[in-house]
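Have the model open beside this text. A learner asks how to read it, and a teacher answers.

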Amino acid sequence: MSKILVTGGAGFIGSTLVDALLANGHAVTVLDNLVSGRRDYINQAADFWELDILDESLTERFLESKFDFVYHLAAQIDVRISVEDPVFDNRINVLGGLNILEASRKSGVKKVIMASTGGAIYGDTDIIPTPETAPTYPLSPYGINKLTLEKHLNYYYQVYGLNYSVLRFSNVYGPRQYKGGEAGVIAIFTEALANNKSCLIYGDGKQTRDYVYVDDVVSALIKAMTVEAQQEINISTANEVDIWEMISMIEKAAQKKLEVKLAPTRAGEQKRSCLSNSRAQEILGWQPQINFTEGIARTYKWVAEQVK
Ligand SMILES: NC(=O)c1ccc[n+]([C@@H]2O[C@H](COP(=O)([O-])OP(=O)(O)OC[C@H]3O[C@@H](n4cnc5c(N)ncnc54)[C@H](O)[C@@H]3O)[C@@H](O)[C@H]2O)c1
């Protein structure tokens, strides 16, 4: 049994991770300011600190709690907000992360595992599926700030010996997803269909993403706890899916048609995103287990239950 802190543990991925860690017998504390997370997602068996990651009391609290592991998932996750207000994004995603790292090193945390991003860090690239060794040209302050925090983690390892792993997720989907998020398109489309509303498609709908189911992401996060790997690891399916394929999968699960409206392409939107997962297979012994049909069926079922 380990003592584990999960920042962002009231959010979509974080709350699913907390449930799994508790089921594995760990003692879990959730740190979240509930800006996009929800109180009712927080497992009752976890301790809850309703706090901002920038809070000045963090080091003192860490020293009292003596966590073994820290999962850092709290973030400003909306790419468009990062474009409108890069200073705000930097404050949460870099300075907030540094506050967590300082508290971790001062209190003797054994390892920090950071939720990072693939698509937003690699930017548009011809190397598909994209490996971790690809050049990084982020197309948004969000991507730049995630990459910056990754570098700080490596620095803390080199200088202070603080162990870490960085997991670069592709587009995560599943129950509890926040619609304003980085990869909220499946959340938006499933909810629209469940409510019989229409959806907007920007451009020709041929833009592709690599959609990975939340339970698979959680199993990778858990594997990362015990593995020696001070590096970046993509967590993805390595399958490219375009908007039309995604819609037809959701329609199959819902057994009804989604009304779509077309809108002009949005400036700066990535055309293709698909990440190689061979490093995850090699280092974590991880592969995705939930195929897209099954993942969409589970997600739609959950969304339909919410709108009842
Ligand atoms: N969802 C995806 O497809 C995806 C893809 C790549 C990376 N990620 C990363 O995974 C992590 C989790 O994302 P998610 O999709 O679960 O998003 P989410 O919005 O559901 O979760 C983020 C959580 O962080 C909390 N939070 C935000 N700012 C905070 C602050 N200043 N102090 C304390 N808590 C704060 C929110 O309340 C929320 O509970 C993020 O770091 C995100 O960048 C997500």
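The dialogue below goes from the whole chain down to single residues.

Q: What kind of model is this, and how many helices and strands does the protein chain have?
A: The model is predicted. The protein chain has 11 helices and 13 strands.

Q: What radius of gyration would a compact globule of 308 residues have, and what does the protein chain have?
A: Start with the expected value. For 308 residues, a compact globule should come out near 19 Å. The protein chain has 19 Å, so the two agree. For the outline, take the box along the principal axes: the C-alpha atoms fill roughly 55 × 45 × 40 Å.

Q: What share of the residues is buried?
A: Burial is read from the count of C-beta atoms around a residue: 20 or more others within 10 Å makes it buried. In the protein chain, 47% of the 308 residues pass that mark.

Q: Which share of the contacts joins residues 24 or more positions apart?
A: Take the contacts with a separation of 6 or more. Of these, 79% link residues 24 or more positions apart.

Q: Which stretches make up each domain?
A: Read the ranges, not just the ends. Domain 1 takes 3–173, 211–238 and 275–284. Domain 2 takes 185–208, 240–273 and 292–307. Their centres, taken over C-alpha atoms, are 26 Å apart.

Q: How many residues does each domain bring to the contact?
A: Domain 1 gives 8 residues and domain 2 gives 12. On the domain 1 side, 5 are nonpolar, 2 are polar and 1 is charged.

Q: How far apart should the ends of helix α11 be?
A: Use the rise of 1.5 Å a residue. Helix α11 covers residues 292–307, which is 16 residues, so 22 Å is expected. Its end C-alpha atoms are 22 Å apart, in agreement.

Q: Which residues of α11 are buried, and how are they placed around the axis?
A: The buried ones are Gly295, Ile296, Thr299, Tyr300 and Val303. Look down the axis of α11: these residues fall within an arc of 125 degrees, so they line one face. The face turned away from the buried side carries the exposed residues Thr293, Glu294 and Glu305.

Q: What do the buried residues of α11 pack against?
A: Two helices and two strands are listed: α7 (185–194) and α9 (243–254), with β7 (171–173) and β10 (211–213).

Q: Why does Ile296 count as buried, and what is it in contact with?
A: Count the neighbours. Ile296 has 26 C-beta neighbours inside 10 Å, so it counts as buried. Beyond four places in sequence, Ile296 is in contact with Met249, Ile250 and Ala253. Ala253 is 43 residues away along the chain, yet its C-alpha atom is 6.9 Å from that of Ile296.

Q: Where is Glu240, and is it buried or partly exposed?
A: Glu240 sits in the loop between β11 (232–235) and β12 (241–242). It has 17 C-beta neighbours inside 10 Å, so it is partly exposed. Leaving out neighbours within four places, Glu240 is in contact with Ile128, Thr208, Asp210, Arg272 and Cys274. By contrast, the C-alpha atoms of Glu240 and Glu56 are 43 Å apart.

Q: Which residues have unusual backbone geometry?
A: First the general rule. Most residues other than glycine have a negative phi, and most peptide bonds are trans. Leu34 has a positive phi of about 60 degrees, and Arg176 one of about 75 degrees. Neither is a glycine. The peptide bond from Ile128 to Pro129 is cis, with omega near -5 degrees.

Q: Where do Leu34, Arg176 and Pro129 lie?
A: Look at the loops. Leu34 lies between β2 (27–32) and β3 (47–50). With 14 other C-beta atoms within 10 Å, Leu34 is partly exposed. Arg176 is in the loop between β7 and α7. Arg176 has 21 other C-beta atoms within 10 Å, so it is buried. Pro129 belongs to the loop between α5 and α6.

Q: What is Ala134 in contact with?
A: Ala134 is also found in the loop between α5 (119–122) and α6 (141–160). Setting aside neighbours within four places, its contacts are Tyr122, Thr125 and Ile127. Ala134 is partly exposed, with 19 other C-beta atoms within 10 Å.

Terms used. Residues numbered from 1 in each chain as written. Predicted model: local features only at pLDDT ≥ 70, side-chain atom pairs only at ≥ 80, totals over all residues. Domains from an automatic or database assignment. Contact = placed C-beta atoms within 7 Å. Nonpolar A, V, L, I, M, F, W, Y, C, P; charged D, E, K, R; others polar. Helix = DSSP H or I, 4+ residues; strand = E, 2+ residues; numbered from the N terminus. Rg over C-alpha atoms; globule rule 2.2 N^0.38 Å. Buried ≥ 20, exposed ≤ 12 C-beta atoms within 10 Å, placed from the backbone. Expected span 1.5 Å × (residues − 1). Arc of directions from axis to C-beta.
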